[in-house]
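Student: I have a model open and would like to go through it with you. Can we start with one of the helices?
Tutor: Fine, here it is.

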Amino acid sequence: MSRLRLAVAVPGAALLALGMGALPANAKAIGATDSGASQACVSGSSARLAKGSHAADPNSASAAEVAAAERMFANAMAKKGLHVDANGRVLDKLGRQAPAATVKVYFNVITSGSTGNVTSTRINKQMAVLNNAFKSAGFTFKLMGVKRVNNSSWYNVSPDSPAESAMKTALRQGGTDALNVYTANLGGGLLGWATFPFDGNASDKMDGVVLLNASLPGGSATNYNLGDTATHEVGHWMGLWHTFQGGCNNPGDMVKDTPAEASPAFQCPTGRNTCPAPGMDPIHNFMDYTYDSCMNMFTAGQKARMKAMWNTYRG
């Protein structure tokens, strides 16, 4: 739970009332490396994990923690004079709509010798995946630079480890509007993890997204190599929970238009409906655990929540 620093988190009741979301859960898991090592799977409530994985979830939160974070988020929005209207638009005190946002992206490619050296072509493809996924929410991602760092002690990194702290402290660039992406061979079978916008100061050194290098487009993580690990983790970085947060219990993921889901969906199931509330499970949502090929959408409520989070914490 160290990554959910709820004492300084700020999600809110205003969004609860509007049916938007709060703290996201975040990681994806599979133990493939960029050179095609064996796979291992993970499960958990706040990471994107592959079916059968047994790694610990680095970002799970209880219902009480989520509720506390939501209240703080509402307070933070109010202090900035922001609110969300019935159409999901983020407005200031004068009723002016928040503009579209450009996210500055810094890639940090961690290698062990030549192992894990993600090519520029694959990074550019990953940027295209992010821009395609988030453009309808009003976000554009602009690649600002790529660092390649040969450091074997950082290459096999795990959440909340000394290696993660040292890596991010040395490499992070930019302010609150900067997305730092770190690619490496993740420990514990994870596909990735991210910080939330309410994890303390959004510009602190730990802020960012860590990805299994094999999950970028063209990598060796079978079924998870089209680039949507990054989409999923950036969704958390933007403030989204998993679609299955809270299971069938209200308020779930804090977004009204994502149907309730009792547990994460894996692979690409058909006809899955795990909760009595209306709506089939959102297996095609980027914030579930299905294969990359199965994911293709954010809901209007999720888009509104990301805009509110961005303008509260990062914009």
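Student: Which residues of α3 are buried?
Tutor: In α3, the buried residues (under 20% relative accessible area with a 1.4 Å probe, protein chains only; exposed is over 50%, partly exposed in between) are R122, I123, Q126, M127, V129, L130, A133 and F134. Helices here are DSSP runs of H or I with at least four residues, strands are runs of E with at least two, and both are numbered from the N terminus. This is a predicted model, where local features need pLDDT of at least 70, side-chain atom pairs count only at pLDDT 80 or more, and totals for chains, interfaces and linings use all residues. Residues are numbered from 1 along each chain as its sequence is written, and side-chain values use heavy atoms, with hydrogens and water left out.

Student: Within what arc do the buried residues of α3 fall?
Tutor: They fall within 160° seen down the axis of α3, so they line one face of the helix. The arc is taken from the directions from the helix axis to the C-beta atoms.

Student: And what does that set pack against?
Tutor: The buried residues of α3 pack against β4, β5, α6 and α7, with contact meaning heavy atoms within 4.5 Å.

Student: Which residues have the most contacts inside the largest nonpolar core?
Tutor: F134, F139, F141 and M238, in a core of 31 residues. A nonpolar core is a set of buried Ala, Val, Leu, Ile, Met, Phe, Trp, Tyr and Cys residues joined through side-chain atoms within 4.5 Å. Two or more residues each come from β4 (101-111), α3 (120-134), β5 (139-150), β6 (178-184), β8 (209-212), α6 (228-237) and α7 (300-314).

Student: Take F141. What is it in contact with?
Tutor: Setting aside neighbours within four places in sequence, F141 is in contact with V103, V105, M127, L130, N131, F134, L179, V234 and M238. There is also another core, apart from the one just described, with 20 residues, among them V149, A221, Y224 and Y291.

Student: How many residues of α6 are buried?
Tutor: 10 of the 10, so α6 is largely enclosed by the rest of the structure. The buried residues include D228, H232, E233 and H236, along with V234 and W237. Just after α6, G239 has a positive phi of about 110°.

Student: Changing topic: at what angle do α2 and α7 pack?
Tutor: About 65°, with the axes of α2 (residues 63-79) and α7 10 Å apart. Axes are lines fitted to C-alpha atoms, for helices over the stretch in contact, and angles run from 0 to 180 degrees between N-to-C directions. On the α2 side the contact is made by E70, F73, A76 and M77, and on the α7 side by R305, A308, M309, T312 and Y313.

Student: Where is P251, and what kind of peptide bond joins it to N250?
Tutor: P251 is in the loop between α6 and α7. The bond from N250 to P251 is cis, with omega about 5°.

Student: What is phi of Q267?
Tutor: Near 60°, a positive value in a residue other than glycine. Q267 is also in the loop between α6 and α7, and is partly exposed at 37% relative accessibility. N223 has a positive phi too, near 75°; N223 lies in the loop between β8 and α6.

Student: Last one: how much of the protein is buried?
Tutor: Buried residues make up 57% of the 315 residues.
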